[in-house]
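Trainee: Hi! Could you walk me through this structure? I've only just opened it.
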Amino acid sequence: MTAPGLPLAPLDRLVRGLAWVTAQTPLALAIGIVVRGSPVNSVLTLVVGILASLVCGLSLLRSRKVVRRERRLHLLLEMAGNVGALGALAAGGIGRIPTGTTDLLLVAGALISVQIMTTKLLRWPVPLAWSFAHPAGVFANGTVLAYAFLFVPSTASAWASIAVSATALVTLAVHLGTDDWSLWWARVESARRFRADDPRSAPAWLHDEVREPTGLALPHTMAALAVQDLRGDFRQNRWPPDAQAVTSARHLLATADHLVTVAEPHVDSVAAARAHCAFARGQVLEAAADWTSAVTAYDAATSAYRAAGLPAIAAVAGLFRARVLAERLGRAQEAESVRAAVVRDGELPSPVRRWAGAPFDDPAGHQLYRDAALRAGLPHLAAGREPPWLPLVVAAPPGVPADERETTPVRWPGAGPARRMIDQGTRLFRRGEHGRGTESLRAAATALEQNSQQLTAMGVLAELARLQTPIDPSAAFATLEDALRLQERFRAEVVDEELRLQINGWFETLHSHQIGLLTATPGWPDAAIRTFDLAERSRSRLLLEQLGGTTHLRAEQVPETLVRRELDGLTQVHRERTAMNEPGRRVAGLEAVRSARARLAGTWREMAATGAAGAEYAGLRRGDPLTFDDLEPLLGNALLAEYHVTEDAVVLLLVAAGAAEPTMVRVPMQRSALALAAWQDLSPLVAPLVEHSTAGQVIWIVPHDHLHGVPLHAIEVDGVPLAERNPTCYTPSAAVMRYCQAKRRPADDRSVVLADSRADRPLTHSRAQSLLAASILSGAERLVGDQASIGGMRSAVGTGVSVLHIACHGEFDAEQPAQSRLLLADQDGDGALTAEKILGMALPADLITLSACQSGVAHRRAGDELFGLPRALIYAGASAVLVSLWPVDEVATSLLTYSFYRARKAGAGKAEALRTAQLAVRASTCAEVIEYCTMVGGDERTLQRTVADIRFRAGDFTAAADAYAALLRSGDDQKLLIAHARATLAALGGAARPDYSRRTYADPLHWAGFVLIGDWR
């Protein structure tokens, strides 16, 4: 077989050559002594030299048990042991060589004992033992005694050397001839190190690996290691594994698959390796609760094992498939047929048939099973030892006695009785006794709840719901409701915002599970309404609470005494929260905040009891999630499109005014695939919007999960972008729109325009654009340069404006979203207007336009909470914000805002005005852009450069080159020189006719990045 891949490096060749030369040193010395005339029997002298050289050579062969990256170190270690012994004797150790028979026997006995001990250690599955045993074995292999004999010949030292060398040969043969735990564990350690390497090292790995007698050992080991990572280390079991373990296992499998693909053209068969990967993938998918995909993986493993001539292991994979079919997918009849076929197959080893439910066990069959494993390239199994590649113990096929195989790991730190009930309940579920298992797990949750361990109890209920899902979805739904009740009660006691965010993330997970049950299982009453309510309960809860405390709401038909008491309560909560952050006040402050919040909650309950108006007001103040019954007043003529992403589908809820219930559309799409998909490929998610809306109708979009930040309005349906047909707006949740609409201000109020705030980073187009915007907006106050500071902006906004337009540089901080900033003029050394600072301001405005790069980017955290500038501005008082999702050409931005304000002045709503502006930018020709730039004016040099760029885009290369040349005469820079050279070369390349009707901003990059968040009116 010709090994492909990278050849050995020169240094590797040198080390290998030197190692083999030093291995022949004892024989060379013996031959030299015999030729010169040995004082001892010449045959005995040659035997000593031959045996010592054989020991050195076989010891070198052990380096082939490791991958190339470690082989050099092994060879150097062998050379050090050989040359070190020779050098020590030659440098003065001859006089210390024992010559007496007793001394020689003692030394030989000690060396033989060390060899036996190291051979035993090399068979242990402990990396530290391997690291100690290998060098110890090198220095105890008898070479020292061989050199001692050759330097000071005697019959006693010759026989001592022969005895030690013979023992060394036996121990090396045992080591080299086995594929037991020791070699398997060595490959495990190599696989762990390989995991972090660049996959481009695969050819080098292949060059070494295909020469091994075991073939593709590393992919086999990686598949076993993926399962081991799910279980914990080799001393424990863990189920279900955490997300980190599942991610690690997926990575190992991906690497193993890559290596098998690399090896396939160069080896006889990769069927066994592919089968192992498929088998391990099935267990990883089980850990991720993807039952259908797990069944598919086990089926693939069964077929691959059969193709590799391994029917026993194929039967094991088939039994795992049967278990998932019966316990998770409710296909018990199909599973039973698989088990029955295994029981009837008399050619299979008895342990496999017993796992399938056969009532007998033949001890001789265990050896057949171990032989089958060895043929599969798996480690040899000693009697009574659990194999490292055995699939998850907690997921073993039915038929294995519980006392032998069923061990239930405890993931919850509950009290002793609760822990025993969790153990018992999980075990009962695996045995199919679902009713008793449910009783036991619910009893455990109750005990934990009574012990004030609400979160632990919630975890038990969440796990119970997972177990119930494939068996009884309605019971799983009810269990999740109980878990959410515990979460809600715990959340009410939490003050710290970071922990509240984490709890919101747990809400989102449980609600998504419920939504998955409602949408995947038919027959639920009011399924669409319940799904909508759950989707709203799962997102942006913290933002709703913050908006409830800052939005000015009219307390109609609420007693004045309650309104005053509420105001006092809000003030007290704010005061106590501020005091809590003072040094030494944390513990006492937490209790004070809880007490103040409890009194405020009591006031809100009294308000709710006064009637419908009081209940609505209290719900808004508390930040209660929106329900379907509350939605109608917000809709107007718009169509609400609310998305919710589950693990295996995207659920879309469509609601128009007057609808009795939402229209629910389930689009099959894995969450992992959605995360990797390009937004242009998400047409199936947008097509229902076109189907259920009329042309020109506003579509109010509420994204979820990975859909935040995706320009859904730019996705094409039948070749037409949604924005060409419908105006759109976005909100983080439907409930946020209540607060946005409450903040609406008169359109004819005054406006404030800030532009070109940094002299060190000038935006000449924005300065000119601000003049144009101010001329369109009513009562506009314009702040540019040093005037466009934080203080100047706050002073100009005052008690409120219709429009606050900010045209400046913006920066999004992915690491610290609260530090995302707008760069205004320096004032007192600080001109960065961060999201964190905005949260402490009052900026009441009907619309805030951020004509800045990436001003609309937000960081998503647990609970579908978005952190960034848009959230901060809505919190500070904006009814709507117009932002961009990515950096956009300055001229395109200027043209869009100009078209937007013109449409607003003509009476269009915000969403309709944005649609008009986006279509105007998309349809603008080169001639129209040049006309617009000329009209806006501004800095002459910047204007000339912009016009030259547009001429180049129009294909008028000669005119563009002349314009660039004129600019170079008054000053140059590198970019201008490059532009001139490019235009000159293009002009020389041909006489293409200029086309000023070309749509220079037709690409979505120039217009689709702008989104309206908030009220569309």
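Mentor: Happy to. Keep in mind that this is a predicted model. A good place to begin is helix α15, residues 311-327, which has 17 residues and reaches 24 Å from its first C-alpha to its last, close to the 24 Å expected at 1.5 Å a residue.

Trainee: How many of the 17 residues of α15 are buried?

Mentor: The count is 14 of 17, so-called "mostly covered".

Trainee: Let me zoom out. How many helices and strands does the protein have?

Mentor: There are 45 helices and 18 strands. The protein has 1017 residues, and 54% of them count as buried. Its accessible surface comes to about 42,900 Å², with 56% of that belonging to carbon and sulfur atoms.

Trainee: And what share of the contacts comes from residues 24 or more positions apart?

Mentor: Taking the contacts with a separation of 6 or more, 71% are between residues 24 or more positions apart.

Trainee: What about the inside? Which residues touch the most other members of the largest nonpolar core?

Mentor: Those are Leu631, Tyr643, Trp700 and Met793, in a core of 153 residues. Helix α39, residues 890-905, gives the most to this core, with 8 residues.

Trainee: Which residues is Met793 in contact with, if I skip its neighbours within four places in sequence?

Mentor: Met793 is in contact with Leu754, Leu783, Leu804, Ile806, Leu824, Leu833, Met841 and Leu843. There is also a second, separate core of 27 residues, which includes Ala272, Val295, Leu325 and Ala356.

Trainee: Changing topic: how many disulfides does the structure hold?

Mentor: The number is 0. Take Cys729 as a case: the nearest cysteine sulfur belongs to Cys740 and is 9.0 Å away, while a disulfide needs the two sulfur atoms within 2.5 Å.

Trainee: Is Cys729 buried or exposed?

Mentor: Cys729 is buried, since its relative accessible area is 0%. Cys277 also has a relative accessible area of 0%, so Cys277 is buried.

Trainee: Now a helix towards the other end of my view. What can you tell me about α43?

Mentor: Helix α43 covers residues 957-969, which is 13 residues. From first C-alpha to last, α43 reaches 18 Å, close to the 18 Å expected at 1.5 Å a residue. Its buried residues are Ala960, Ala961, Tyr964 and Leu967.

Trainee: Why do those buried residues line one face of the helix?

Mentor: Look down the axis of α43: the buried residues fall within an arc of 120°, so they line one face of the helix. What covers them includes α42 (940-953) and α44 (974-988).

Trainee: And which residue with a positive phi follows α43?

Mentor: That's Gly971, with a phi near 140°.

Trainee: You mentioned α42. Which of its residues could I look at?

Mentor: Try Leu943, which is found in helix α42. Leu943 has a relative accessible area of 12%, so it is buried. Leaving aside neighbours within four places in sequence, Leu943 is in contact with Cys933, Thr934 and Gly937. Leu943 and Cys933 are 10 residues apart along the chain, and their C-alpha atoms are separated by 6.8 Å.

Trainee: I also clicked on Gln697. Where does it lie?

Mentor: Gln697 lies in the loop between α32 (683-691) and β4 (699-702). Gln697 counts as buried because its relative accessibility is 14%, and the cut-off for buried is under 20%.

Trainee: What does Gln697 touch, not counting residues up to four places away?

Mentor: Gln697 touches Asn637, Ala638, Leu639, Asn726 and Pro727. Another residue to find is Glu912: Gln697 and Glu912 are 215 residues apart in sequence and 9.2 Å apart in space, C-alpha to C-alpha.

Trainee: Back to phi for a moment. Which value does Asp526 have?

Mentor: Phi of Asp526 is near 50°, a positive value in a residue other than glycine. Most residues other than glycine have a negative phi. Asp526 lies in the loop between α24 (497-520) and α25 (527-537).

Trainee: And what about the phi of Asp756?

Mentor: Asp756 has a positive phi of about 45°, although it is not a glycine. You'll find Asp756 in the loop between β8 (751-755) and α35 (764-776). With a relative accessible area of 6%, Asp756 is buried.

Note on methods. Residues are numbered from 1 along each chain as its sequence is written. This is a predicted model: local features need pLDDT of at least 70, side-chain atom pairs count only at pLDDT 80 or more; totals for chains, interfaces and linings use all residues. Side-chain values use heavy atoms; hydrogens and water are left out. Buried means under 20% relative accessible area, exposed over 50%, partly exposed in between (1.4 Å probe, protein chains only). Helices (H or I, at least four residues) and strands (E, at least two) are DSSP runs, numbered from the N terminus. The expected span of a helix is 1.5 Å times one less than its number of residues. Contact means heavy atoms within 4.5 Å. Accessible areas come from the Shrake-Rupley method with a 1.4 Å probe; for residues, only the protein chains shown count as cover. A nonpolar core is a set of buried Ala, Val, Leu, Ile, Met, Phe, Trp, Tyr and Cys residues joined through side-chain atoms within 4.5 Å. The arc is that of the directions from the helix axis to the C-beta atoms.
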